[in-house]
Amino acid sequence: MVLWRREPPAMTLSRLEQNDPTLTHLNVSVGPGGNYWPKDSADLARLGDAIGNNMNLRRLDIHNARALADMAANDGSFFEGLKRNTSIYHLYLASCDLSGGMGRDILNGFVANNTNLLSIAMYQCALENGGADILLSAVTSCPNLNWIRLTSCNIDDDILVQFVSGIKRPRQLRTLDLQRNNIGRAGCEA
């Protein structure tokens, strides 16, 4: 099964705006690495609006979120669109900062409205300086979230202890995958 295909970004955006039922996985990146890459902040705002109105999108991948953050800095339309969407079940973020910037704003969008989120995967996302609090807020606010993968996110014992202590209440979280982080004995005991 092909999750996404390469097509001109304008075609992908049009399909998203038309609520195309065959477009269920959107891979957003800077440059031609995904099936949609915004040119400027107006394009990113239009993408956010399309995501907000779409009811068929099930998975959203955002690569190189640090570069996209510069585009979104002056306009909150992209994040407002995420807040309106309730159809996304799976979220993947790569290279983002949860302590401030786009990663934080993306997760806050899901915390605000999307109770359908089942999984979060992150790769090289900064959880320092309050980032773990933002992730914990998403985990506790999304009642159906049952799978989290945090790969190469510089998680150390302090961050893990803080995070795990917040999710110890009974819940449905089945998988917490912490590959390639800096976890020692104290983190493992948490």
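These legends walk you through several close-up views of one predicted model.

**View 1. Helices α1 and α2 pack against each other.** Start with α1, which covers residues 9-17, and find α2 beside it. Their axes are 8 Å apart and meet at an angle of about 35°. The crossing of these two helices is left-handed. On the α1 side, the contact is made by Leu 13, Leu 16 and Glu 17. On the α2 side, look for Asp 43, Arg 46, Leu 47, Ala 50 and Ile 51. Sorted by class, this contact has 5 nonpolar residues, 3 charged ones and no polar ones.

**View 2. Asp 49 and Arg 84 form a salt bridge.** Side chains of opposite charge can pair when their charged atoms come close. Here the closest N and O atoms of Asp 49 and Arg 84 are 2.9 Å apart. Asp 49 belongs to helix α2 (residues 41-53) and Arg 84 to helix α4 (residues 77-84), so the pair ties together parts that are 35 residues apart in sequence. Asp 49 is partly exposed, at 40% relative accessibility, and Arg 84 is also partly exposed, at 35%. If you would like to hunt for others, the whole structure has 6 salt bridges.

**View 3. Arg 59 and Asp 61 meet in a salt bridge.** The N to O distance between these two side chains is 2.8 Å. Is each partner buried or partly exposed? Arg 59 is partly exposed, with a relative accessible area of 31%. Asp 61, at 4% relative accessibility, counts as buried, because the cut-off for buried is under 20%.

**View 4. A salt bridge joins Arg 149 and Asp 177.** In this view the side chains meet at 3.0 Å, N to O. The pair links distant parts of the chain: Arg 149 sits in strand β5 (residues 147-151) and Asp 177 in strand β6, 28 residues apart. Arg 149 is partly exposed, at 31% relative accessibility, whereas Asp 177 is buried, with a relative accessible area of 16%.

**View 5. Phe 78 and Phe 79 make an aromatic pair.** How many aromatic pairs does the structure hold? There is 1. The ring centres of Phe 78 and Phe 79 are 5.5 Å apart and the ring planes stand at 75°, so the pair is edge-to-face. The cut-off behind that name is an angle over 60 degrees between the planes. Phe 78 is buried, at 1% relative accessibility, and Phe 79 is buried too, at 10%.

**View 6. Ser 119 lies in strand β4.** The strand covers residues 119-123. Ser 119 is buried, with a relative accessible area of 9%. Which residues does Ser 119 contact, leaving aside neighbours within four places in sequence? They are Tyr 89, His 90, Leu 91, Leu 145 and Trp 147.

**View 7. Leu 173 sits in a loop.** This loop runs between α7 (157-167) and β6 (175-177). Not counting residues up to four places away in sequence, Leu 173 touches Leu 145, Asn 146, Trp 147, Ile 148 and Ile 167. You can also locate Pro 143 in this view: Leu 173 and Pro 143 are 30 residues apart in sequence, and their C-alpha atoms are 9.3 Å apart in space. Leu 145 and Trp 147 may look familiar from the previous legend, where they are in contact with Ser 119.

Conventions. Residues are numbered from 1 along each chain as its sequence is written. This is a predicted model: local features need pLDDT of at least 70, side-chain atom pairs count only at pLDDT 80 or more; totals for chains, interfaces and linings use all residues. Side-chain values use heavy atoms; hydrogens and water are left out. Helices (H or I, at least four residues) and strands (E, at least two) are DSSP runs, numbered from the N terminus. Contact means heavy atoms within 4.5 Å. A salt bridge is a side-chain nitrogen of Lys or Arg within 4 Å of a carboxyl oxygen of Asp or Glu. Buried means under 20% relative accessible area, exposed over 50%, partly exposed in between (1.4 Å probe, protein chains only). Axes are lines fitted to C-alpha atoms, for helices over the stretch in contact, and angles run from 0 to 180 degrees between N-to-C directions. A crossing is left-handed if the near helix is turned anticlockwise from the far one by less than a right angle, and right-handed if clockwise. Ala, Val, Leu, Ile, Met, Phe, Trp, Tyr, Cys and Pro count as nonpolar, Asp, Glu, Lys and Arg as charged, and the others, Gly among them, as polar. Rings of Phe, Tyr and Trp (its six-membered ring) pair if their centres lie within 6.5 Å; planes under 30 degrees apart count as stacked, over 60 as edge-to-face and the rest as tilted.
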